[in-house]
Amino acid sequence: RTPPPALLMTASTTHEDFEYARWLDTNVSTLVKADKKNAFEVFSFASTNAKDAKISYAHMGTMCETKRGLFCAAFQCSAFGCEGKPGQHVRFCTSEDKCETWTETKVPMFGLNALWSPVLHYLEQTDEILLFYSESRKQLSPGGDVKLIRTRDEGMSWSEPETILTHESLGGVPKVIANRVCQGLKEECLRLPFWTEPTDSWLRYRQYHPMEENASLKKKVYHSPPGSRDDDSESVYSGTIDSHDGGKTWEAPRIKQLVKFPEHTWLIENSVLRSALQNDYSMYMRSATGEVWYSSGDDAQQYWSTPEPIPNLPNPNSKVSANVDSFVYTTANGEVKERVVLALNPSKTKRAPLGLYICRAHNREESGNQKYPFIEVEGDPNGNFAYPTTFIASDGSVFVIYTAWDVGIRVYRVPSLDLETALVS
């Protein structure tokens, strides 16, 4: 629990080792090393469950907790070893012991085409679990219609799907989701982050794009009937789908309420955080520029600021996740502080290592290069750990669910002592 040491160069030191050590030295005040005993398998390819279902690909995990302390997880998966194939579906499982062990998975939804990126949200007022996902309907590229199903019996049965945003809206492009629902400033307001992903996006942003990994899909992605209108390839936005009645109904946003992508990069897999002290919102986004990008939202929920990169937060064109509520705590001397828990890969080139950066919300008034604590989740800078989603449980425990490539879906539970060490540094 000391400041990160300088890297000792050896013959086995890789470029990734050096890049990680340099980032730690420049940006981290205290490093809390990863401990394997805090990592638990949610779904493993080596399990009987996976083998019986012939699952060889699992990705995009999400979590929630019910009022009785049941932890729930969902993720997309396929028998084809890569994403985007027909038959890609959603699986769901639960844990009674704070994520240490998990039930066998069930399939709450599947379709003829791929289902993508489930997001779980629990409504305490109705004791209801919401499961959002997107479904390809007109193209085989990521996303499509954003849909919602509900359960009031902890996943034993599910409602019929509701479509809350169509492929045709906002320029006729697929819609994709990835991060958790943010509680709005008003009690009945809920905000589900989403982005648009035109079907030619794999031509512009090739790194880590599923079309690059699946040659058979490339040939089909533009197949449409003669006389039909193509997607608006310039309809490139991030934003939120909002509910103003506690999740009963959902409202499509207007263009002016969205963040427009810059010319040189996409800004996707957006994560929206509400400040408990400042009464505003922050949006963190994946990019193709090697940095996490950021935008701030006003109290009226009408506009987002012009997005900007955060130079000290590297991003390897991979998802970043912020907890949906800021972390407020009181120091020993009575000072009230507010922190953001950001799950990220601190690299410009690799999805490794993986950890939680405990920092202030970013804004234009903050100057200088501040140092903050970093809690490792996976410390190997040569691994592949992707698509983290942060989750703070009802007792204040911090979790992150993520993909461990070639292994399955994993969750890391941050010990309270590690969190306390990070917060007091």
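# Exercises on a predicted model

A search of the whole structure, which is a predicted model, turns up 18 salt bridges. Let's work through some of them, then move on to a sheet, an asparagine and a few odd backbone angles.

## Exercise 1: one salt bridge, two exposures

Task: Find the salt-bridge partner of lysine 37 and work out how exposed each of the two residues is.

Solution:
- Step 1. Start with the side chain of lysine 37: it meets the side chain of aspartate 35 in a salt bridge, at 2.4 Å from N to O.
- Step 2. Take the lysine. Exposed means over 50% relative accessible area, and lysine 37 counts as exposed because its value is 59%.
- Step 3. Take the aspartate. Its relative accessible area is 29%, so aspartate 35 is partly exposed.

## Exercise 2: the partners of arginine 150

Task: Which glutamates form salt bridges with arginine 150, and which strands do these pairs link?

Solution:
- Step 1. Look at glutamate 128. Its side chain and that of arginine 150 form a salt bridge, 3.6 Å from N to O. This pair links distant parts of the chain: arginine 150 belongs to strand β9 (residues 145–151) and glutamate 128 to strand β8 (residues 128–135), with their positions 22 residues apart in sequence.
- Step 2. Check the cover on that pair: arginine 150 and glutamate 128 are both buried. The arginine's relative accessibility is 12%, which is why it counts as buried.
- Step 3. Now try glutamate 162. A salt bridge joins its side chain to that of arginine 150, at 2.6 Å from N to O. Here, too, distant parts of the chain are linked: strand β9 holds arginine 150, strand β10 (residues 162–165) holds glutamate 162, and the two are 12 residues apart.
- Step 4. Check glutamate 162 itself: it is partly exposed, with 26% relative accessible area.
- Step 5. Put the pieces together. Glu128, Arg150 and Glu162 belong to a network of salt bridges that also includes Arg152.

## Exercise 3: reading a sheet

Task: Give the strand order of the open four-stranded sheet that contains β3, and say which strands stand at its edges.

Solution:
- Step 1. Write down the order: β3-β4-β5-β6, with antiparallel pairing.
- Step 2. Find the edges. β3 (57–65) and β6 (106–109) each have a single partner strand, so one side of each lacks a neighbour in the sheet.
- Step 3. Add the twist: on average, neighbouring strands here are turned by 35 degrees against each other, direction ignored.
- Step 4. Zoom in on one pairing. Seven bridges connect β3 and strand β4 (residues 71–78) in the antiparallel sense. Histidine 59, for instance, has glutamine 76 in β4 as its bridge partner.

## Exercise 4: the surroundings of asparagine 179

Task: Is asparagine 179 buried or exposed, and what does its side chain make polar contacts with?

Solution:
- Step 1. Locate the residue: asparagine 179 sits in the loop between β11 (175–176) and β12 (182–183).
- Step 2. Read off its accessibility. Asparagine 179 is buried because its relative accessibility is 1%.
- Step 3. See what it touches. Leaving out residues up to four places away in sequence, its contacts include Val119, Leu192, Asn270, Lys319 and Pro388. Proline 388 is 209 residues away in sequence, yet 9.2 Å away in space, C-alpha to C-alpha.
- Step 4. Pick out the polar contacts. A polar atom of the asparagine 179 side chain lies 3.1 Å from the backbone oxygen of glutamate 269. The side chain of asparagine 179 also makes a polar contact with the side chain of serine 321, at 3.2 Å.

## Exercise 5: backbone oddities

Task: Where do methionine 60, glutamate 269 and proline 353 sit, and what is unusual about their backbone?

Solution:
- Step 1. Recall the background: most residues other than glycine have a negative phi, and most peptide bonds are trans.
- Step 2. Methionine 60 goes against that with a positive phi near 60 degrees. It lies in strand β3 and counts as buried because its relative accessibility is 8%.
- Step 3. Glutamate 269 isn't a glycine either, but its phi is positive, about 50 degrees. It is part of strand β16 (residues 267–274) and is buried, at 4% relative accessible area.
- Step 4. For proline 353, look at the peptide bond from alanine 352: it is cis, with omega near -10 degrees. Proline 353 is in the loop between β22 (336–344) and β23 (354–359).

Key: Residues are numbered from 1 along each chain as its sequence is written. This is a predicted model: local features need pLDDT of at least 70, side-chain atom pairs count only at pLDDT 80 or more; totals for chains, interfaces and linings use all residues. Side-chain values use heavy atoms; hydrogens and water are left out. A salt bridge is a side-chain nitrogen of Lys or Arg within 4 Å of a carboxyl oxygen of Asp or Glu. Buried means under 20% relative accessible area, exposed over 50%, partly exposed in between (1.4 Å probe, protein chains only). Two strands pair if DSSP finds at least two bridges between them. Axes are lines fitted to C-alpha atoms, for helices over the stretch in contact, and angles run from 0 to 180 degrees between N-to-C directions. Contact means heavy atoms within 4.5 Å. A polar contact is a pair of N or O atoms within 3.5 Å; within protein, one must be able to donate a hydrogen and the other to accept it, and residues adjacent in sequence count only if both atoms are side-chain atoms.
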